[in-house]
Every structure is written in C-alpha cells, then in structure tokens.
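User: I want to learn how to read the features of a protein model. Please take me through one, step by step.

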Amino acid sequence: MALRALKFASLTAAASGIYLYGNKFLDPNDFGVVRVGRAIATVSSTVAMCRKIPRWTAVITYDYLTSLRSVPYGSEEYEFLKSQNGFLGLVLILCCLKMLTCSNIAPHPKWVALMPWRKLKVHLRSAERLRELCCSNRGTFIKVGQHLGALDYLLPEEYTRTLKVLHSQAPQSTRQEIEQVIREDLGKEIKELFVSFEDTPLGAASLAQVHKAVLQDGRTVAVKIQHPKVQAQSSKDILLMEVLLLVVKQIFPDFEFMWLVEEAKKNLPLELDFLNEGRNAEKVAHMLKNFDFLKVPRIYWELSTSRVLLMEFMEGGQVNDRAYMERNGINVNEISRNLGKLYSEMIFVNGFVHCDPHPGNVLVKKCPASGKAHIILLDHGLYQVLSESFRMDYCHLWQALIKADMKRVQKYSRRLGAGDLYPLFACMLTARSWESVNRGIDQSPVSASEDMEIRSNAAAYLPQITQLLNNVPRQMLLLLKTNDLLRGIESALHTRASASSFLNMSRCCIRAVSTYQRSKSHSLYRRAQISLTEALSLWQINLYEFFLWLKGSQLGNWVIALLRRMHHFTY
C-alpha cells in the first residue's frame with residue numbers, strides 16, 4: 001500500500017510539474033505536490049537497494065544499479081557493494097528526512113578493506129542530484145544539505161565536498177522579493193532606509209540571505225532578510241517528513257523516529273523568528289564577554305522584525321579556510337584552540353549552546369590595530385538549552401573519556417540513555433575507534449586508517465545507531481550535530497584531537513562540576529574543600545600544559561639535550 005502511494009505521488013507530481021513549469025505566472029515551489037515529487041524522485045530510490053523492497057525506477061537508483069554491472073552478479077563483492085549503496089541511501093534518508101531504516105545491512109569482512117566509496121563516480125553524480133533537489137525545494141531541504149556537508153567522517157567525500165557549497169551559496173531571493181519583505185515589515189522602501197544597498201548578497205542560506213548596506217547616518221550594517229515564502233514552505237516540508245515517516249513505519253514496523261518530526265516542529269519556528277535570534281546574540285555576547293577574541297555583531301533593534309534583522313557589519317574569512325589564515329598571518333592552532341574554548345564554555349559551563357557552527361557562520365579576522373585574531377560568531381537562530389542534570393552527566397562523561405576511565409564512561413553513558421551500547425556512544429561522541437577510546441583519545445591524532453575504519457563500520461552498526469538515537473535525551477541530538485560541524489572545521493584545519501583542546505575541555509568540566517557542587521552544599525567547610533580541589537585540579541592541568549609547551553619548544557629541546565649530556569657524564 002505504501003509503495004503504491006509513493007508511485008502515485010510521483011506520477012501526480014510529474015504531471016503537475018509539467019503544467020506548472022509551463023505556466024509563467026506560477027512558481028512551482030508554491031505547490032507542495034511539486035516539492036513532494038522532487039523529494040520522492042530523488043530520495044525514495046535510495047532505499048531500493050534493501051532486498052525486501054522492490055526497486056523503484058528513479059534516477060539515483062538506476063545510476064547505482066548500472067554502476068554494479070561490471071561486478072559478477074551474486075558474488076560477495078556484488079552483495080557488499082549493493083549493501084554499501086543501500087547504506088548510503090539510508091544515511092541520506094536519516095539526514096534528509098530524519099529517519100533510519102533497514103536492519104539487514106552488514107558488510108562481509110573480506111570486502112570492508114575495499115572501501116569503494118571514494119572510487120565510484122556514481123557518488124558524485126548522485127551528490128550533484130541531491131544538491132539540485134535541495135536548491136530546487138529550498139528552505140528545509142537546504143538545511144538538510146548543509147548538515148550532510150558537515151559529515152566528513154561518515155559520508156563519501158563526493159557528497160560532503162558537493163554539498164558544502166550550500167553553506168554560503170544557496171539559492172537567492174530576487175531584488176523584488178527582498179523589497180517586498182522590507183516594505184511589509186518596516187513600512188518603507190529600501191531607498192528611504194539606506195544610502196546604499198548592495199544587490200548581490202554577502203551570503204544566501206536556507207532561511208535567509210544577508211546584504212551589505214549603509215544607513216542614513218553612515219553606519220555600515222548587515223541586513224538579514226528572510227526568504228518570503230520560507231515560512232509556508234517549511235511547514236509543508238515538516239508535514240512531508242511526517243507523512244513519509246508514517247509510510248516508512250508501515251514498511252519497517254520497528255521504525256521509531258516520529259519524535260524527530262516533533263523536534264523539527266519545535267526548532268524551525270525559533271529559527272524563523274529573527275527577534276529571537278537577536279536576543280540569543282545579545283545573551284551569548286554577554287555570557288562570553290570575558291573572551292576578548294570573540295566578536296558578536298551588535299543588533300539594531302529599531303530596524304529589526306521577525307523577518308528582518310539589522311546588525312553591525314563584520315567581515316572575515318571562513319573558519320575552515322586555512323589558506324586565508326596563512327595569507328593573513330593568523331595562527332591556525334590558536335583559532336582552533338579558541339573555538340574549542342568557546343564551545344566548551346557554552347556546553348559545559350553555561351548550558352546555552354550555539355548549534356549551527358558551520359563555516360559560513362564562524363568567521364576569522366586579524367585586527368590591524370592589535371594584531372590579534374578574532375572569531376566572529378554569526379547566525380544565532382538555533383540554540384540548545386541544556387538541563388543541569390544532563391550537563392553534569394555530560395561533563396562527567398567527557399572527563400572519563402579524556403582519562404580513558406572505562407568504568408565511568410560506561411556509568412555516565414548509561415545515565416545518558418546509551419545502555420549496553422555505551423561503546424558505540426563513546427565512538428559517536430569522539431569520532432574515534434573503540435581502540436583509541438580505550439587507549440585515550442588525547443594520546444594520538446586521528447590517522448587515515450582510523451578515519452577509514454569509522455566510515456566503513458558505520459554500515460555494520462546502522463541498526464544499533466538507530467536504537468541509540470532513539471534512546472538518548474533529545475538535548476543530545478543538537479549536540480551531536482554541533483560536534484559534527486566542529487569536527488569538520490578541525491579536519492579542514494588539520495587540528496583534530498589536539499592535546500590543548502582536551503585540556504580546555506577538562507578545565508571547563510572541572511569548573512562546571514565544582515560550581516554545581518558548591519551550589520548544592522550548605523556547609524562552608526565543604527564549599528572551601530570543593531574550591532581547593534578545583535584549584536588543585538586546574539593547577540595540575542596548567543602544569544601539564546606547560547610541560548607540553550616546554551617539550552615542543554626550542555628551550556625544551558635545549559633542556560632535554562643538557563639533561564642527556566649530564567646523564568652521559570655521570571655514567
């Protein structure tokens with residue numbers, strides 16, 4: 001029944017699309033049937049590789065099937081490649097429609113080492129088609145594509161490289177559409193408000209685009225303007241997600257992901273309210289005011305509405321642009337370290353987390369006057385507020401992971417809903433192999449072989465990942481997304497798993513836990529004891545950090561050489 005419904009929807013969408021595209025007075029994106037048809041034609045076929053489902057004749061399915069012609073039918077290699085293609089489709093559905101399906105995918109160990117992901121041209125073709133789908137349907141679909149583009153450690157390179165452009169090169173609204181939104185919300189024409197207004201946007205994203213302008217009083221500002229139809233389309237997209245989830249639920253009875261639609265229903269209205277974004281920007285600027293390297297644009301409330309946000313104009317290079325930093329004399333390691341400090345403070349200490357740190361939202365710039373490098377944090381629409389109990393368990397878990405204390409890793413993973421899947425949970429949080437987690441994630445950087453192992457094992461553990469995501473608290477979902485994006489930035493800068501980042505995390509965890517313990521203690525002696533323990537722990541971290549600096553410095557090399565020479569003369 002579900003399959004018949006999907007086929008009928010595809011045919012209806014195709015017929016409607018021919019008429020709508022031929023009518024110059026109508027915008028096809030205004031009609032849900034067209035958007036549904038595009039999604040089904042592009043995405044539904046990705047589950048066709050699962051053996052229990054008939055093959056739907058859509059473009060990506062056909063492309064993947066024909067890519068297997070050179071492999072002997074029925075061979076172990078054929079079955080493995082087939083399952084890998086099916087796994088890829090399932091990952092796309094997870095990210096695009098917030099679902100996971102198909103529990104019978106497990107690669108034969110003999111073929112795991114082949115890793116055909118990066119060798120198949122079909123991935124590039126399919127990634128380009130998926131990008132076209134996102135650009136055609138816009139709105140929610142572009143947000144999906146942005147998230148996919150950040151999954152460097154999980155998806156094939158062809159997908160992440162192709163979809164990364166959606167961070168700053170999403171489809172744009174026309175000048176007429178922009179004028180309409182400003183006229184409706186501010187009651188004036190552009191020429192009445194601004195001395196100059198650049199037609200070409202600085203960047204276009206899923207929900208809005210940003211233009212540079214100059215106010216009548218001479219202030220240079222950034223004007224963020226919501227795409228005019230995005231609110232209506234986003235509600236339709238959520239409904240589409242809900243319907244498709246129900247369809248897949250009929251095909252796969254064990255499917256339990258309807259709560260993800262509820263998350264989308266909760267988060268999208270917040271992102272579409274630019275006044276909420278302005279309040280978040282001011283809150284995080286005040287919360288992190290001690291970090292002099294952080295810059296958050298000032299909000300101009302007198303010219304801001306729920307669809308138009310005026311803010312101080314700031315510019316710089318994207319945080320993952322290593323070449324830009326090298327050209328401008330910006331220390332890459334310092335930027336990576338400071339970004340880690342910001343997010344450790346937000347997550348562990350304050351429990352108020354900016355959850356969309358893709359490269360287009362995090363800029364870097366060197367201040368000409370001071371010579372210091374600044375991090376500019378943009379797009380404050382999506383924040384996650386962490387409960388106190390969740391934040392404390394998360395602090396303890398990361399402390400255990402850094403210390404390679406497996407008993408405490410198990411304890412706090414269970415408290416966060418992982419159950420017996422705590423090893424998988426630890427690997428998902430750290431993007432490291434279980435062997436590295438046991439050895440200590442701060443002991444060695446991620447190797448190419450370990451990265452390949454993580455990608456290949458994702459298919460084998462897909463059912464367990466499904467179960468785990470269904471069990472963890474909802475607060476964890478946006479944190480996992482944030483981890484993905486930050487890890488993608490570190491990968492681009494070649495600073496992943498540096499010792500300094502773990503030391504900063506440890507400091508924040510110690511401070512957060514100590515503050516919590518003091519708030520719960522009514523004894524002056526006990527509070528003093530907690531403060532002393534906190535000071536000693538932080539001193540130990542500082543001493544270890546000094547040792548690492550000394551070890552890597554020229555002075556350290558001289559001291560080591562001197563000690564060796566003294567030891568040689570002694571004996």
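Analyst: Start with the inventory. The chain holds 25 helices and 11 strands. Both are DSSP runs numbered from the N terminus: helices are H or I with at least four residues, strands are E with at least two. This is a predicted model, in which local features need pLDDT of at least 70 and side-chain atom pairs count only at pLDDT 80 or more, while totals for chains, interfaces and linings use all residues. Residues are numbered from 1 along each chain as its sequence is written, and side-chain values use heavy atoms, with hydrogens and water left out.

User: What share of the 571 residues is buried?

Analyst: First the cut-offs. Buried means under 20% relative accessible area, exposed over 50%, and partly exposed in between, with a 1.4 Å probe and protein chains only. Here buried residues make up 53% of the 571.

User: And which contacts join residues far apart in sequence?

Analyst: A contact means heavy atoms within 4.5 Å. Take the contacts between residues at least 6 apart in sequence: 67% of them join residues at least 24 apart.

User: How do I read a single helix, say H9?

Analyst: Check its span, then its buried side. The expected span is 1.5 Å times one less than the number of residues. H9 covers residues 175-186, and its 12 residues reach 16 Å from first C-alpha to last, close to the expected 16 Å. Its buried residues are Glu177, Ile178, Val181, Ile182 and Leu186. They sit on the same side of H9 because they cover an arc of only 130 degrees around the axis. That arc is taken from the directions from the helix axis to the C-beta atoms.

User: What covers the buried residues of H9?

Analyst: The cover includes helix H10 (190-193) and strands S1 (194-197), S3 (208-215), S4 (220-226) and S6 (308-312). Just after H9, Gly187 takes a positive phi of about 75 degrees.

User: Which residues other than glycine have a positive phi?

Analyst: Ala404 is one, with phi near 55 degrees. Ala404 lies in the loop between helix H16 (388-403) and helix H17 (406-415). Ala431 is another case, at about 55 degrees. Its loop runs between H18 and helix H19 (434-439). Now compare accessibility: Ala404 is partly exposed at 23%, whereas Ala431 is buried at 2%.

User: How many salt bridges does the structure hold?

Analyst: The criterion is a side-chain nitrogen of Lys or Arg within 4 Å of a carboxyl oxygen of Asp or Glu. The structure holds 19. In one network, Arg175, Glu179 and Asp199 are linked. Glu179 and Arg175 meet at 3.0 Å, N to O. Both lie in H9, 4 residues apart, about one turn of the helix. Arg175 also pairs with Asp199, with the closest N and O atoms 2.2 Å apart. That pair links distant parts of the chain: Asp199 is in the loop between S1 and strand S2 (203-204), 24 residues from Arg175.

User: Are the network's residues buried or exposed?

Analyst: Glu179 is partly exposed at 23%. Arg175 is partly exposed at 30%. Asp199 counts as exposed at 52%.

User: Where do Glu277 and Lys224 lie?

Analyst: They form a salt bridge, the closest N and O atoms being 3.0 Å apart. Glu277 lies in helix H13 (residues 274-287) and Lys224 in strand S4, so the pair ties together parts 53 residues apart in sequence. Both Glu277 and Lys224 are buried.
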